[in-house]
Amino acid sequence: MTGALAGSAPGRSQAGPHPLGGSFGVPAGRGADTTALVLFSGGQDSTACLAWALDRYARVETVGFDYGQRHHVELDCRLTVRTELAAVFPHWAARLGDDHLLDLRLLGQLSDTALTSDRAIELAANGLPNTFVPGRNLLFLGFAAALAYRRGASVLVGGMCETDYSGYPDCRDNTLKAMQVALSLGLDTPMVVETPLMWLSKAQTWALAHTLGGDRLIDLTINHTHTCYLGERGVRHAWGHGCGGCPACQLRQAGFEAWRQGGGA
Ligand code: ZN
């Protein structure tokens, strides 16, 4: 991370961007005795983040949020992906700690969106998709930080991304930098927020997965992660399961095809 706020965050690295695309550099040696908590939804992005964390931290726990998703498939995929990662990558299995699922269904009281009702996904007049739950990632990070504190974790890892930007202001790098400072001050302990996908395209996220875990991690991602807004699992495309028509599927497909054609290098 090279922004103006970098120096003000406790525990902040000064090492610059990580070569694999992390916006917050990890100095040599860091991670040897560090516990990280990954915000893990069971989707492609957070699976890449989980692999990224397992590659560099001594212990990695995961947290998911039940916020009344229209389809339970996403929560089911979380556990499958964790099990598969541990089975395929034994050196990561030794680092993979507990999973936590927090009940945040109260978010349904704050939103009337396509995620929590049967309305179609569409863009509102302000350009934000109506799947938008205002400030959702700020809430997620706040709860994750409280959990991390209790679990002795000093790093939060999330798949927020500006590159394939869909209008979520709480996914912006500056928002997350500010959140990191607020959490560290409010908890009175360093709480680093790592966003390894922040500046990656979807093609580059596939490339990151391949760098971390080779074809086995690509296959695992295709077969077991879930992205589709409609909760479709039946059809298995080259890029994974999904309806193929919703914005999430289209983004995933386009990224996969771009990566296969040599993008993401
Ligand atoms: Zn879909």
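Before we start: a helix or strand here is a DSSP run (H or I with at least four residues for a helix, E with at least two for a strand), numbered from the N terminus. Axes are lines fitted to C-alpha atoms, for helices over the stretch in contact, and angles run from 0 to 180 degrees between N-to-C directions.

This is a predicted model, in which local features need pLDDT of at least 70 and side-chain atom pairs count only at pLDDT 80 or more, while totals for chains, interfaces and linings use all residues. Residues are numbered from 1 along each chain as its sequence is written.

**Exercise 1: Two helices meet**

Work out how the axes of α1 and α6 cross, and which residues meet.

*Step 1.* Find the helices: α1 covers residues 44-54 and α6 covers residues 202-224. Their axes come within 10 Å and cross at roughly 100°.

*Step 2.* Put a word to the angle. Under 35 degrees is roughly parallel, over 145 roughly antiparallel, 65 to 115 roughly perpendicular, and the rest oblique. So α1 is roughly perpendicular to α6.

*Step 3.* Look for contacts (C-beta atoms, placed from the backbone, within 7 Å). On the α1 side you'll find Gln-44, Asp-45, Thr-47, Ala-48, Ala-51 and Trp-52. They meet Thr-205, Leu-208, Ala-209, Leu-212, Gly-213, Leu-217 and Thr-221 of α6.

*Step 4.* Sort them by class. Ala, Val, Leu, Ile, Met, Phe, Trp, Tyr, Cys and Pro count as nonpolar, Asp, Glu, Lys and Arg as charged, and the others, Gly among them, as polar. The contact of α1 with α6 then has seven nonpolar, five polar and one charged residues.

**Exercise 2: Read the sheet**

Give the strand order of the open sheet of five strands, and say which strands stand at its edges.

*Step 1.* Strands pair if DSSP finds at least two bridges between them. Going across the sheet, the order is β3-β2-β1-β4-β5, with parallel pairing.

*Step 2.* Check the ends: β3 (96-103) and β5 each have a single partner strand, so one side of each has no neighbour in the sheet.

*Step 3.* Add the twist. Ignoring direction, neighbouring strands of this sheet are turned by 25° against each other on average.

**Exercise 3: Follow β1 and its partners**

Trace the bridges from β1 to β2 and β4, then carry on to β3.

*Step 1.* Start with β1 (residues 35-39) and β2 (residues 59-66), a parallel pair with five bridges. Among the matches, Ala-36 goes with Val-60, Leu-37 with Glu-61 and Leu-39 with Val-63.

*Step 2.* Now try the other partner: β1 runs parallel to β4 (residues 155-157), joined by three bridges. Here Ala-36 is matched with Val-155.

*Step 3.* Move on from β2 to β3: these two are parallel and share six bridges. Val-60 is bridged to Leu-96 in β3.

*Step 4.* Look at the link too. Together, β1, α1 and β2 form a right-handed β-α-β unit (with the strands pointing away from the viewer, the path from the first strand over the helix to the second runs clockwise).

**Exercise 4: Buried or exposed?**

Decide whether Phe-65, Phe-89 and Asp-188 are buried or exposed.

*Step 1.* Here's the rule: buried means 20 or more other C-beta atoms within 10 Å of a residue's own, exposed means 12 or fewer, and partly exposed is in between, with C-beta atoms placed from the backbone.

*Step 2.* Take Phe-65, which sits in β2. It has 22 C-beta neighbours inside 10 Å, so it's buried. Beyond its neighbours within four places in sequence, Phe-65 touches Leu-102, Leu-104 and Phe-140.

*Step 3.* Phe-89 lies in the loop between α2 (73-88) and α3 (90-93). With 21 C-beta neighbours inside 10 Å, Phe-89 is buried. Its C-alpha is 8.9 Å from that of Arg-216, although the two are 127 residues apart in sequence.

*Step 4.* Asp-188 is in the loop between α5 (173-187) and β5 (192-194). It has 9 other C-beta atoms within 10 Å, so Asp-188 is exposed. Asp-188 also has a positive phi of about 55°, though it isn't a glycine.

*Step 5.* Try whole strands. Four of the five residues of β1 are buried, so β1 is largely enclosed by the rest of the structure. In β2, seven of the eight residues are buried.
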